[in-house]
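Please describe this protein for a newcomer to structures. Keep it short, and point out what to look at.

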Amino acid sequence: MHAAAFSASRAWSEKEFADLLTQPGTFVLGDMRSFIMIRTVLDEAEVLTLATDPEKRRQGLAKATLHQGERQAAAQGATTVFLEVAEDNTPAIALYTASGYRQIGRRPGYYVPKDGAPVAALVLRKSLTTT
């Protein structure tokens with residue numbers, strides 16, 4: 001499903017997923033429709049990937065999966081979550097913004113699509129604590 005969800009870029013290999021899952025604090029939640037992989041270190045979490053089956057998009061699955069991942073990260077002690085998103089990925093940016101993420105940085109040329117020029121990543125952050 002990751003390959004289908006990221007067809008315009010290089011999808012991660014099975015080995016890359018397996019290697020990430022050996023790292024302490026890394027977990028995956030979801031199902032064959034949508035899943036999230038997050039790594040927590042001390043009080044910070046990072047969304048490593050969030051993928052939704054292209055045929056299941058626009059049904060709220062990514063939002064539900066994201067919020068489930070945030071709850072699990074918070075349960076593991078994270079108070080802040082970060083992620084990177086391609087600056088041309090308008091649907092994902094809308095999801096993250098509506099979910100409370102705010103841009104804190106930009107990484108030029110971070111993503112390299114299969115066909116095209118490199119695309120910057122927006123670095124987003126969200127507090128997992130209530131103020």
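Start with Lys-126, which is buried at a relative accessible area of 15%. The cut-off for buried is under 20%, so Lys-126 qualifies. Keep in mind that this is a predicted model.

**Lys-126 and its surroundings**

Lys-126 sits in strand β6. What does its side chain make a polar contact with? The partner is the side chain of Glu-70, at 3.0 Å. Glu-70 also appears among the residues in contact with Lys-126, once neighbours within four places in sequence are set aside. The others are Thr-79, Thr-80, Val-81, Ser-99, Gly-100 and Tyr-101. Gly-100 comes after helix α4, and its phi is positive, near 100 degrees.

**Helix α4**

Now turn to helix α4, which covers residues 90-98. Its buried residues are Ala-92, Ile-93, Leu-95 and Tyr-96. Seen down the helix axis, these buried residues fall within an arc of 160 degrees, so they line one face of α4. Thr-90, Pro-91 and Ala-98 are exposed on the other side.

What do the buried residues of α4 pack against? There is one helix, α3 (61-75), along with the strands β3 (44-52), β4 (80-86) and β6 (119-127).

**Val-85**

Strand β4 holds Val-85. Is Val-85 buried or exposed? Val-85 counts as buried because its relative accessibility is 4%. Leaving out neighbours within four places in sequence, Val-85 touches Ala-92, Ile-93 and Tyr-96, among others. Those three are also among the buried residues of α4. The contacts of Val-85 further include Tyr-111, Ala-120, Ala-121, Leu-122 and Leu-124.

Sequence distance and distance in space are separate things. Val-85 and Val-119 are 34 residues apart in sequence, and their C-alpha atoms are 9.8 Å apart in space.

Here are the two buried residues side by side.

| Residue | Strand | Relative accessible area |
|---|---|---|
| Lys-126 | β6 | 15% |
| Val-85 | β4 | 4% |

**The whole protein**

Step back to the full chain. The protein has four helices and six strands. From the N terminus on, the order is α-α-β-β-β-α-β-α-β-β. Of its 131 residues, 37% count as buried. Take the contacts between residues at least 6 apart in sequence: 55% of them join residues at least 24 apart. The protein exposes about 7700 Å², and carbon and sulfur atoms supply 53% of that area.

Definitions and conventions:
Residues are numbered from 1 along each chain as its sequence is written. This is a predicted model: local features need pLDDT of at least 70, side-chain atom pairs count only at pLDDT 80 or more; totals for chains, interfaces and linings use all residues. Side-chain values use heavy atoms; hydrogens and water are left out. Buried means under 20% relative accessible area, exposed over 50%, partly exposed in between (1.4 Å probe, protein chains only). Helices (H or I, at least four residues) and strands (E, at least two) are DSSP runs, numbered from the N terminus. The arc is that of the directions from the helix axis to the C-beta atoms. Contact means heavy atoms within 4.5 Å. A polar contact is a pair of N or O atoms within 3.5 Å; within protein, one must be able to donate a hydrogen and the other to accept it, and residues adjacent in sequence count only if both atoms are side-chain atoms. Accessible areas come from the Shrake-Rupley method with a 1.4 Å probe; for residues, only the protein chains shown count as cover.
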